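This report describes one protein chain, taking its helices, its pocket and a few individual residues in turn. The sequence and the structure are shown here for reference.

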Amino acid sequence: MRIGLLLMTLGGAVAQTSVVQALSVGGAIPDLPFVVMAFLALRRGPEVGCLAGFLAGLLQDATGGGLVGVQALTKALAGFTLGLAGGRLQVGSPLVQVAGLVLLTAGEGLLRFGLLQLFHYPASLSALLADVIAPQALYNGALGAACLVAVGLAEAARARLSWR
């Protein structure tokens, strides 16, 4: 389980740096490590969500060329928060998972913006919200919904094969 978690987190970070630009829609790109972290947090709890978020964010910080530690901190907090909320919400409902993913993506973007403001990041909130945070949140939600459909189809196929 721990090796699987590490591989999923590393795979999401590698895909983020290599494949994601090809998935760009109108300039918006998904945050694959964030999607992986969100599903791990919802299914495994706050500790796993925090650890996955920290690892994914640290890898993104190291490969992104920005301020090291900002994404690690914000994704760790997001993973922990979503893991805590997962214990109180109907996590099995895809509507909750997708809506939580969209809201948490937006919250993580706002938190990251707030942290970068401490270092005099030269962008306005309205421009960043309109150009980066909101499109990425919606893209992550759509990608998360597609992942849920794929997982549901795989589980249905596995159940059908087990009858034979």
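The expected span of a helix is 1.5 Å times one less than its number of residues. In this predicted model, helix 2 (residues 32-44) has 13 residues and runs 18 Å from its first C-alpha to its last, which is close to the 18 Å expected at 1.5 Å a residue. For helix 3, the 19 residues should span 27 Å at that rise, and because its end C-alpha atoms lie 26 Å apart, the two values agree. The table sets these two helices side by side.

| Helix | Residues in helix | Expected span | C-alpha span in the model |
|---|---|---|---|
| Helix 2 | 13 | 18 Å | 18 Å |
| Helix 3 | 19 | 27 Å | 26 Å |

As to confidence, the mean pLDDT of the protein is 85, and 93% of its residues reach 70 or more. Among the elements, helix 1 (residues 2-18) has the lowest mean pLDDT, 70, whereas helix 4 has the highest, 90. Where pLDDT is low, the predicted coordinates should not be read in detail.

Helix 2 is mostly covered, with ten of its 13 residues buried; among them are Leu-32, Pro-33, Phe-34, Met-37 and Phe-39. Just after helix 2, Gly-45 adopts a positive phi of about 105 degrees. The buried residues of helix 3 include Pro-46, Val-48, Gly-49, Gly-53, Gly-57, Gln-60 and Asp-61, and helix 3 is followed by Gly-65, whose phi is likewise positive, near 85 degrees.

Is Lys-75 buried or exposed? Lys-75, placed in helix 4 (residues 70-86), has a relative accessible area of 0% and therefore counts as buried, the cut-off being under 20%. Leaving aside neighbours within four places in sequence, the contacts of Lys-75 include Asp-31 and Glu-108, together with Phe-34 and Met-37, and the last two are themselves buried residues of helix 2. Lys-75 also contacts Gly-49, Gly-53, Gly-57 and Gln-60, which are listed among the buried residues of helix 3. Lys-75 and Cys-50 are 25 residues apart in sequence, yet their C-alpha atoms are 7.3 Å apart in space.

Gln-60 and Arg-112, both in contact with Lys-75, are also among the residues that lie nearest the centre of the largest pocket, alongside Gln-71, Val-132 and Gln-136. This pocket has a volume of about 660 Å³ and is lined by 27 residues, of which ten are nonpolar, twelve polar and five charged. Helix 1, helix 3, helix 4, helix 5 (94-117) and helix 6 (125-163) each supply at least two lining residues, and helix 6 gives the most, with five.

One loop residue deserves a separate remark. His-120, in the loop between helix 5 and helix 6, has a phi near 60 degrees, a positive value in a residue other than glycine. Most residues other than glycine have a negative phi. His-120 has a relative accessibility of 68%, so this residue counts as exposed.

Key:
Residues numbered from 1 in each chain as written. Predicted model: local features only at pLDDT ≥ 70, side-chain atom pairs only at ≥ 80, totals over all residues. Heavy atoms only, no water. Helix = DSSP H or I, 4+ residues; strand = E, 2+ residues; numbered from the N terminus. Buried < 20%, exposed > 50% of the residue type's maximum accessible area, 1.4 Å probe, protein only. Contact = heavy atoms within 4.5 Å. pLDDT = per-residue confidence, 0-100. 1 Å grid on protein atoms, 1.4 Å probe; cavity = no way out; pocket = protein on both sides within 12 Å on 5 of 7 lines; lining within 4 Å. Points joined across faces, edges and corners; volume = space filled by probe spheres on them. Nonpolar A, V, L, I, M, F, W, Y, C, P; charged D, E, K, R; others polar.
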